Amino acid sequence: MLYEINEKALKLESEGKKVIKLNIGDPDLETPPEIVEAAYDAMKRGKTKYSSAFGEKRLREKLASIHQVYADNVIMTPGSKFGIFSVMYLLLKDGGNVVIPTPYWTAYALTAKTLGAETRLVKTELDSNWQMDLETLESAIDKDTRMIILNNPNNPTSNVIDPKVLDGIVRIADDKGITILSDEVYADISFVKTKSILEYGGDHILVTGFSKTFTMTGWRLGYVIANTGLVEKLAKLNQITISNVPVFIQDAALTALELGNEIKEKIRQEYRERAKLASNVLSKSKLEFSEPSAPFYIFPRRRGLDSEKFALNLLDNGVAVAPGTAFGDYKEHFRISLTAPRDDLTTALNKICEAVE
Ligand code: PMP
């Protein structure tokens, strides 16, 4: 359905109609020019050859110091998506199932399906502020469970896992010897402090990247932090698939990290304003939602809604959103990406409000 919406949006655009595209998570903001310059400069300095499958030493060291781990625990991947795929491949290739809370980012379930792994979904609801019920989690786990995937902050809700709930999840995983893969791609620009999986020690895995934090989606740069045994295996996978992440991109990423806070703060601030704007406009409608604690998304509910029909109809009115069914069993919800300039966003949000009356 996501595909259908996107295709229809593109078709309408090709017919000359304006469509405000709030259906995908690709920010409208540009990559900061300092980062672009750094990549260009690295290319001019000849950083255009094959290189290490683990990633560049200086970048790994910098990331290690940020996350307070060793450089040997860090491996660069082409986007966090490839990191997630690789970890899931290694943990699930010999069988077993994976526990995924919903609403989820669609790629987890699609990857599990590709690998032939069974997926066990644990539903969370708006009415409990999207927090996981620990008893439901325990009952989803069995002797074949190999991993639990967490997404903190979450796409599509922009909600953060309550630290006490996270403590409980980690306790259950540790008791049962199950690895957690924590996807924290939105954590660095979250509006509230989030607790990282790395704070717990143990053999859990962090995946994150540069796409969201530095508006670098098309550069394809992410990384995994894990025990050295898994990092070695991930490097082997890199070797036989991508060889290495381009060095000039890693050089630019180092510049991004050096400029870090200034850039991140600007990006965070813009999304905070957009989230406020969206909450203000939508609160005047019949929609129910939790206010975003992180950038990019809002996931409202309208009782009785068929979100697939709603999304298709809304497109005829020039606004693309993603139906809730793309994220699990959420027919009454839809996801709005706050990835358009504020004036377009206001127009789109007003149209959404009219459409749900
Ligand atoms: N995880 C989540 C939750 C995402 O929403 C996305 C992108 N939409 C990714 C991972 C992938 O990001 P990347 O560009 O680093 O592959």
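This tour moves from the whole chain to its domains, then to one helix and several loops. The model is predicted.

**The whole chain**

Begin with the entire chain in cartoon representation, where 11 helices and 12 strands can be traced. The radius of gyration is 20 Å, close to the 21 Å given by the globule rule for 357 residues, so the chain is as compact as a globular protein of that length. Aligned along the principal axes, the C-alpha atoms fill a box of roughly 55 × 55 × 35 Å.

Next, colour by burial: 55% of the 357 residues are buried. Switching to a surface view shows the exposed area of the chain, about 15900 Å², with carbon and sulfur atoms supplying 49% of it. If the charged side chains are then selected, 45 are positive and 49 are negative, and the centres of the two sets lie 2 Å apart. Contacts may be displayed as well; among those between residues at least 6 apart in sequence, 75% join residues at least 24 apart.

**The two domains**

Select residues 2-31 together with 261-356 for domain 1, and residues 33-259 for domain 2, following the domain assignment. The centres of domain 1 and domain 2, taken over C-alpha atoms, are separated by 25 Å. To display the contact between them, select 36 residues from domain 1 and 34 residues from domain 2.

**Helix α5**

Now select residues 106-114, which form helix α5. Which of its residues are buried? They are Thr 106, Ala 107, Tyr 108, Ala 109, Thr 111 and Ala 112. Show the neighbouring elements to see what these buried residues pack against: the helices α1 (2-14) and α4 (79-92), and the strands β3 (97-102), β4, β5 and β6 (179-183). Just after α5, stop at Gly 116, where phi is positive at about 75 degrees.

**The loop between β5 and α7**

Move to the loop that follows β5 (145-151) and leads to α7 (163-176); Pro 153 is found here. Which kind of peptide bond, cis or trans, joins Asn 152 and Pro 153? The bond is cis, with omega at about -5 degrees. A cis peptide bond also joins Asn 155 and Pro 156, and its omega is about 25 degrees. Pro 156 has its place in this loop between β5 and α7.

Ser 158 lies in the loop between β5 and α7 as well. Its phi is near 60 degrees, a positive value in a residue other than glycine. The general background is that most residues other than glycine have a negative phi, and most peptide bonds are trans. Is Ser 158 buried or exposed? With a relative accessible area of 1%, under the 20% cut-off, Ser 158 counts as buried.

**The loop between β7 and β8**

Select Thr 215 next, in the loop between β7 (205-209) and β8 (222-225). Thr 215 is not a glycine, yet its phi is positive, at about 45 degrees. The relative accessible area of Thr 215 is 6%, so this residue is buried.

**Asp 133 and Glu 291**

The last stop is Asp 133, in the loop between β4 (118-123) and α6 (134-140). Asp 133 has a relative accessible area of 42% and is therefore partly exposed. Finally, draw a distance from its C-alpha atom to that of Glu 291: the two residues are 158 apart along the chain, and these atoms are separated by 20 Å.

Technical notes. Residues are numbered from 1 along each chain as its sequence is written. This is a predicted model: local features need pLDDT of at least 70, side-chain atom pairs count only at pLDDT 80 or more; totals for chains, interfaces and linings use all residues. Side-chain values use heavy atoms; hydrogens and water are left out. Helices (H or I, at least four residues) and strands (E, at least two) are DSSP runs, numbered from the N terminus. The radius of gyration is taken over C-alpha atoms; the globule rule is 2.2 Å times the number of residues to the power 0.38. Buried means under 20% relative accessible area, exposed over 50%, partly exposed in between (1.4 Å probe, protein chains only). Contact means heavy atoms within 4.5 Å. Accessible areas come from the Shrake-Rupley method with a 1.4 Å probe; for residues, only the protein chains shown count as cover. Lys and Arg count as positive and Asp and Glu as negative; His and the chain ends are not counted. The place of a charge is taken as NZ of Lys, CZ of Arg, CG of Asp or CD of Glu. Domain bounds come from an automatic or database domain assignment.
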